[in-house]
Amino acid sequence: MEERSLSVIRISVRNLVEFVLRSGDLDNRRTAGAKKEAMQAGGRLHRKIQKRMGSEYRAEVSLKHTVDEEEFKLLVEGRADGVIEEEAGCVIDEIKCIYMDLKYLEDADPVHLAQAKCYAYFLACDRELAAMGVQITYCNIESEEVRRFRFDYSFEELEEWFLGLVHEYVKWARFQYLHGLRRQQSLKDLQFPYAYRDGQKGLAAAVYRSIDQGRNLFIQAPTGVGKTLSTVFPSLKAMGEGTGDKLFYLTAKSITRSVAEDAFRVMRDLQQLYFTTVTITAKEKLCVLDKPDCNPETCPVAKGHYDRVNDAVYDILHEEMGITRELVLEYAKRHNVCPFEFCLDITNWADGIICDYNYVFDPNVRLKRYFAEGSTPGEYLFLVDEAHNLVPRAREMFSAGLLKEDFLLVKRILKGKDGAERTVRQLERCNKELLNLKRAFAAEEGGEEGVRQRSVLGRDYQLLEDVNLLYLELSGLFSELEAFMNEHLEFGDRDLVLDFYFQVRDFLYVHDRLDDNYRIYSRLLEDGSFLVKLMCINPSVNLRECLDQGRSTLFFSATLLPIQYYKELLSGDQSEYAVYANSPFDSENRLIVAASDVSSIYRRRNRREYERVAGYIVEIVGARKGNYMVFCPSYQYLHAVEEVFVQLEERGELPFAWISQSSHMREEEREEFLARFARPGDGRSLAALCVMGGIFSEGIDLKEEQLIGAIVIGTGLPQVNVEQEILREYFDEHGGQGFSYAYQYPGMNKVMQAAGRVIRTATDQGVIALLDDRFLKSDYQALFPREWERYTVVNRRNVRRAVADFWEHLGNETPGAPKDDLRTDLQTP
């Protein structure tokens, strides 16, 4: 009889034991995380311990074991840190490098012990051994002190224990197996839900090929191309062919997460897609408390959370496919569990995860169950939406800074507390080293070796060659803080001290990653505080480590130009594939005008120039009744235009209503601001003054008559400040494009995002006005997207006529017919 081939479900030893063995309270005890494994520093110490162990020690031994079930094989696999070959038998060694003072360790962590017992059982099966030893080795990162716990088990004990572990997991494995069969059939049968626009099919094909080849792809796709469906659909088809196991849809803003949710919903509704997605929402937005606190004495859902959460996960997975924030909250309330931890657990079983960039890239936030240090790469597909935002976000993720004043504040909080003497002394040592750096800052230029002094707009800063002495003192402080925080769970201002602890941790982590992609600087802030910062300039190396955890990454945006800039800063590989999808919309439905007689350059910012710009706005808005957005280079500029509007109103010379964006708008204020575009109003046109690069310049969708014009004032250049100048200097030294990389490219990105608010659908018509004569220069026009090839040069005397002619011309034609001219250009290395 022919043997039936069984499907294999793979799970790591770590994931298996962590899933089954958790129980009790969700209680972080508000500690600094004493038992958490260290990051990069721990990895180095880990290898150091292995090398010390002698010839009888085999390091990094891969082990696996298969358990047969009726429908499938469960393959459990992992890598033991070490196998010790002793005369009396074999011993599994599990090494954990931690910051905790080892004198507080009373026994081995149950999860760590369970991992080692799994490896012991696998090895005993492979070698037919009657007994095994298990050793858990803990090492303190700062002192390199080692403490070991040793256990001995018979084969029968290990087998009974392991089969019990698997028994607890079998219903989940069965769910995963049956769900996988249905999912794969659904993906194979999946069809594109709409008729392809010209060029859209070629774009989808390029995405599929990139995933199939395990390559990354950069996609410049103007609004209206349908980039979400054009990337999601071929990704799903690739998964249906066995290329890719889990999909991560990554966004910078919550509004684009809803776009992804809608794309999956459309395919479920129209194509019967069987594919579970879950949207991760920030802890603060899910927590049942006003401020997250996982202490079971404070949080009503923390006590016994782990006793209930598996049932909650099982329930929601059998009832829902598109799991949104609202559904997470509903089921969490039903099962009385922490919504955030519940949401994270759902990701273990979901086919797709929709989340912020942080959950993949940020070393402090990334999902450790997938991307922890030393994790085995997975068949993950990363879809990075609005990828232009990842450059500044990544720089922030991989930078760290410390204020001297915070050390004095924490010292005042801890001074006099029992057990804080050593921590206070170490705070004083760190403060002394910071004081030395501050004195060097005050010295004249060239007065200290290894210091380069600069000034930007009267603000002095210094570039430092290193901060090694500070790093050594901080390492000692971190160890002392760790011990103190775990011994003292209640004291005044503990949250402030804990925040400080995390700042020190981040600084140490980033310092371990320093290379030529970083700059170190110090400066006095406006409030007199002294800052030392490790500034990430080019984040590509850090990002690449994250990208290498998956199979393929798609970077896509409506403004991913120039493409070589984003390749360099997001992947560091200019040979990556790139696709440029032209807009499918009729260019006749869009008028682009470029002003020749105004500028937002700083030396021309005066009352007369503001009046000229206001005059342009009056002429453009006056050419046709409708809603317009006016994007200003800053709040200061916006207020200057407001003053002109007020005077025009007083003289009866402002023929439209106007509203203004304000800083720090609450969510309800933003919604009210956008709601004005949907209301009829008082019969007049509406001009909304906004800030370029702000909350209304990207990610909003005002279709058809809701918005018919975008007036962009200036080239979007970032304000000159210390960090922008550090960027400029760095890129001047690395290729001679400092101004372009630090100012021009980010500025034009903001311009294109603002202009992209107008044409959103095939039936949209509108005007884009570029109010700055710099747009007529060749270096700026070289950055125009292809759909801007046709534009009209105007001045204050003829701009109304040009705009009126455009609207009059459209009135004689049928609007909204898309052109069949979408071209997809694939650049190959």
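**Exercise 1. The strands around β5**

Which residue takes a positive phi near 60° in the hairpin of β5 and β6? Then describe how β5 is placed among its neighbouring strands.

*Solution.* The model is predicted.

Step 1. Start at the hairpin. Five residues lie between strands β5 and β6, and Glu-144 is the residue with a positive phi near 60°.

Step 2. Follow the chain into β6. This strand covers residues 146-154 and runs antiparallel to β5, with nine bridges joining the two. One pair to look for is Gly-133 and its bridge partner in β6, Asp-152.

Step 3. Turn to strand β4, residues 89-98. Eight bridges connect β4 to β5, and these two strands run parallel. Here Ile-95 stands opposite Thr-137 of β5.

Step 4. Trace the connection. Together with helix α3 (residues 110-127), β4 and β5 make a β-α-β unit, which is right-handed.

Step 5. Check burial. A residue counts as buried under 20% relative accessible area. Nine of the 10 residues of β5 (residues 131-140) are buried, so the strand is largely enclosed by the rest of the structure.

**Exercise 2. Two helix crossings**

Determine whether α10 and α11 are roughly perpendicular or oblique to each other, and do likewise for α1 and α3.

*Solution.* Step 1. Take α10 (residues 325-335) and α11 (residues 339-346). Their axes are 9 Å apart and the packing angle is about 110°.

Step 2. Apply the cut-off: angles of 65 to 115 degrees count as roughly perpendicular. α10 and α11 are therefore roughly perpendicular to each other. Their crossing is right-handed.

Step 3. List the residues that meet. From α10 these are Val-328, Leu-329, Tyr-331 and Ala-332; from α11 they are Pro-339, Phe-342, Cys-343 and Ile-346.

Step 4. Take α1 (residues 13-21) and α3. Their axes come within 9 Å and cross at roughly 130°. α1 and α3 are therefore oblique to each other. This crossing is right-handed. On the α1 side the contact is made by Val-13, Arg-14, Val-17, Glu-18 and Leu-21, while the α3 residues include Pro-110, Ala-114, Cys-118 and Phe-122.

**Exercise 3. The two faces of β13**

State which residues of β13 form its covered face and which its uncovered face, and find the strand that pairs with β13.

*Solution.* Step 1. Recall the general pattern: side chains in a regular strand alternate between the two faces of the sheet.

Step 2. Assign the residues of β13 (residues 400-403). Ala-400 and Leu-402 make up the covered face, and Gly-401 and Leu-403 the uncovered one.

Step 3. Locate the partner strand. β13 pairs with β17 (residues 530-536) over four bridges, in the antiparallel sense. Leu-403 has Leu-531 of β17 as its bridge partner.

**Exercise 4. Two single residues**

Decide whether Phe-192 is buried or exposed, and do the same for Glu-725.

*Solution.* Step 1. Place Phe-192 in the loop between α4 (155-189) and α5 (200-212). Its relative accessible area is 10%, so Phe-192 is buried.

Step 2. Find what Phe-192 touches. Beyond its neighbours within four places in sequence, Phe-192 is in contact with Gln-200, Leu-229, Phe-233 and Gln-271.

Step 3. Place Glu-725 in helix α24, residues 722-733. With a relative accessible area of 16%, Glu-725 is buried.

Step 4. Note one spatial relation of Glu-725. Ala-742 is 17 residues away along the chain, and the C-alpha atoms of the two are separated by 7.5 Å.

Technical notes: Residues numbered from 1 in each chain as written. Predicted model: local features only at pLDDT ≥ 70, side-chain atom pairs only at ≥ 80, totals over all residues. Heavy atoms only, no water. Buried < 20%, exposed > 50% of the residue type's maximum accessible area, 1.4 Å probe, protein only. Pairing = 2+ DSSP bridges. Right-handed = clockwise from strand over helix to strand, strands pointing away. Axes fitted to C-alpha atoms, helices over the stretch in contact; angles between N-to-C directions. Parallel < 35°, antiparallel > 145°, perpendicular 65-115°, else oblique. Left-handed = near helix turned anticlockwise from the far one by under 90°. Contact = heavy atoms within 4.5 Å.
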